[in-house]
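Student: Could we go through this structure slowly, and could you show me how each descriptive word is earned?
Tutor: Gladly; let us look at the model and then take the terms one by one.

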Amino acid sequence: MRRALALVLLLAVLVFPLIFVRPFPRHIMIMIFLYGSLATAWNILAGYCGQISLGHAVYFGIGAYTSTLLVRDAALTPWLGMLFGAALAVVVSQAIGYPVFRLRGHYFAIATIGFGEIVQTIVLNWDWIGGARGLFVPIKRPDSLLNFQFHESKAVYYYIALGLLALALGATRWIERSRRGYYFRAIKEDQDAAASLGVQVAREKQAAMAVSAALTALGGTFWAQYVLFIDPESVFPLSLSILICLVAVMGGVGSLWGPLLGAAVLVPLSEGTRVLLGGTGKALDLVIYGALIMLIAVFQPAGLIGLVRQLARRPTLTAGARAQRESAA
Amino acid sequence: MSVTEPHPASLLEVTGLTKSFGGVVANRDIAFAVRPGELVGVIGPNGAGKSTLFDLITGFTRPDAGQVRLDGHDVTGLRPDRICRLGLGRTFQKLRPFHDMTALENVMIGAFLHTADVAEARAVAIDALAKVGLADRAAAHARGLSTGQRKRLELARALATRPRLLLLDEVTGGVDPGAIPGLVALVRELHGRGLALIVIEHNMRVIMDIAQRVLALQLGEVIADGPPAEIMRDRRVIDAYLGEAWRA
């Protein structure tokens with residue numbers, strides 16, 4: 001029964017652009033996929049491993065800027081630029097992680113905010129990469145997959161974003177079922193007890209950070225090629241880091257589908273308020289987010305996914321229990 | 001550490017171990033040795049420095065002075081995960097189960113030290129849970145277990161790392177009197193299979209039952225080191241800890 005429902009949903013997602021040909025519905029779905037994959041990537045580090053990073057926009061921005069600069073200066077296809085962006089994001093994430101993972105809990109989060117601000121300020125003042133003016137992605141016509149630009153329709157962007165989401169979910173699922181996944185959860189629970197059992201805590205945290213950063217950077221490249229203009233304010237801001245966290249927490253951290261569910265609720269909400277209230281939508285949706293977070297925190301800390309499971313009258317499974325049950329099937 | 005090297009006389013050798021926290025000297029010049037397969041009891045009043053000693057040996061705290069040698073190799077100040085991999089396991093006085101993970105998953109974390117394969121780790125974990133009598137609670141979340149069950153869980157978890165020396169911190173603390181004999185029998189069985197143990201205990205009957213040697217600590221110093229019967233009659237130990245009412 002569940003399998004059939006999942007298949008129907010998958011089919012619906014795959015044919016969506018064929019049915020809805022107008023740009024706005026496609027844009028909404030693309031944003032859901034993008035935020036879903038960013039939140040899923042964040043979830044690997046924060047939801048499973050328990051390290052709440054509030055500076056993930058750093059990796060998003062690195063992805064966006066790296067591929068764009070390589071298009072501008074080396075005429076390199078964004079597909080390769082994407083890989084370079086991910087690689088650079090990993091390197092930066094390890095450099096940040098080395099000092100910052102010695103901190104625990106709130107102090108870790110604050111330190112990540114600090115690094116986020118540092119990176120944004122550097123980029124803001126670095127003229128060679130555009131500084132405050134930002135960068136325009138050189139327009140290439142006609143539409144081409146190689147150049148990762150489509151001006152006639154959003155359909156191909158839709159499928160690329162879907163692919164990105166699938167990659168993030170796949171990575172999460174793979175980790176969840178591996179030794180690393182178990183180690184992450186143990187570290188989240190009690191990293192000292194984990195160390196007493198031989199877990200190399202620092203190394204595992206850095207691994208979680210690396211995967212999370214790489215996937216986030218891929219999203220950054222996608223964003224650059226989608227909107228064709230990037231600047232520090234749009235790809236490096238603290239508000240983006242917090243939004244990524246919000247989406248994941250709303251949906252349910254530490255679960256596979258939670259972050260996507262969060263995106264599926266928050267993105268339409270955000271776009272909806274903007275449509276209803278014109279330019280002032282940006283502030284109101286933050287008010288609604290705040291209210292939603294309070295409701296979630298008080299009534300359902302497990303997030304929307306916890307709510308869904310309650311409604312389906314099934315006990316909430318831990319990620320490991322589900323992996324166990326699935327591999328036994 | 002290859003298999004062909006000769007076994008040193010001591011499995012664990014502690015010399016001159018000293019640690020202060022601010023103005024308080026928690027451990028002063030602690031020295032003792034544990035031979036392979038030996039079961040050593042550690043007794044002393046609260047605040048004597050017993051748990052600190054465990055923390056120093058297992059790398060949770062860095063000593064101010066002194067050395068810890070495992071198999072003749074200096075392991076002083078190494079990180080806890082490194083020391084675990086060298087064959088030294090421990091349990092905690094204040095139990096630290098992974099609450100939101102099942103008993104099985106808890107033990108798997110220990111089992112993963114020797115395998116990256118999830119199925120294999122699961123099999124090892126089931127085995128370890130069976131050994132401590134928790135097989136029927138494998139799918140239960142750790143937060144739902146009783147104190148006695150949590151003690152067993154922590155034991156199984158440490159055992160899954162295949163230690164050669166296991167440090168037990170008050171394994172009978174907070175356990176129903178009726179459940180203690182079972183736990184003691186378990187420890188005795190593990191010892192019988194060749195596992196060396198250092199056991200911090202407040203329950204003297206347990207100490208008399210299983211310890212081959214007893215270390216008595218007071219105010220951070222070793223005040224006695226010898227067979228249980230001798231220690232129980234030691235004047236210093238009686239004054240510091242046991243009290244006159246104790247009859248061995």
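Tutor: Bear in mind that this is a predicted model. Just after α6(B), Gly194(B) takes a positive phi of about 105°.

Student: What makes the span of the helix before it, α6(B), close to the expected one?
Tutor: Helix α6 of chain B, residues 180-192, has 13 residues and reaches 18 Å from its first C-alpha to its last, which is close to the 18 Å expected at 1.5 Å a residue.

Student: Which residues of α6(B) are called buried, and what does that word require?
Tutor: A residue is buried if 20 or more other C-beta atoms lie within 10 Å of its own, and in α6(B) the buried residues are Leu183(B), Val187(B) and Leu190(B). Seen down the axis of α6(B), these buried residues fall within an arc of 60°, so they line one face of the helix. What covers them includes α5, β8 and α7 of chain B, whereas the face turned away from the buried side carries the exposed residues Glu189(B) and Gly192(B).

Student: Why is α3(B) called roughly perpendicular to α4(B)?
Tutor: The axes of α3(B), residues 103-111, and α4(B), residues 118-131, come within 8 Å and cross at roughly 110°. Angles of 65 to 115 degrees count as roughly perpendicular, and therefore α3(B) is roughly perpendicular to α4(B). The crossing in which α3(B) passes α4(B) is right-handed.

Student: Which residues of α3(B) meet α4(B)?
Tutor: Among them are Leu104(B), Val107(B) and Met108(B) in α3(B), and the residues they meet in α4(B) include Val124(B), Ala125(B) and Ala128(B).

Conventions
Residues are numbered from 1 along each chain as its sequence is written. Chains are lettered from A and ligands numbered from 1 in the order in which they are written. This is a predicted model: local features need pLDDT of at least 70, side-chain atom pairs count only at pLDDT 80 or more; totals for chains, interfaces and linings use all residues. Helices (H or I, at least four residues) and strands (E, at least two) are DSSP runs, numbered from the N terminus. The expected span of a helix is 1.5 Å times one less than its number of residues. A residue is buried if 20 or more other C-beta atoms lie within 10 Å of its own, exposed if 12 or fewer, and partly exposed in between; C-beta atoms are placed from the backbone. The arc is that of the directions from the helix axis to the C-beta atoms. Two residues are in contact if their C-beta atoms, placed from the backbone, lie within 7 Å. Axes are lines fitted to C-alpha atoms, for helices over the stretch in contact, and angles run from 0 to 180 degrees between N-to-C directions. Angles under 35 degrees count as roughly parallel, over 145 as roughly antiparallel, 65 to 115 as roughly perpendicular and the rest as oblique. A crossing is left-handed if the near helix is turned anticlockwise from the far one by less than a right angle, and right-handed if clockwise.
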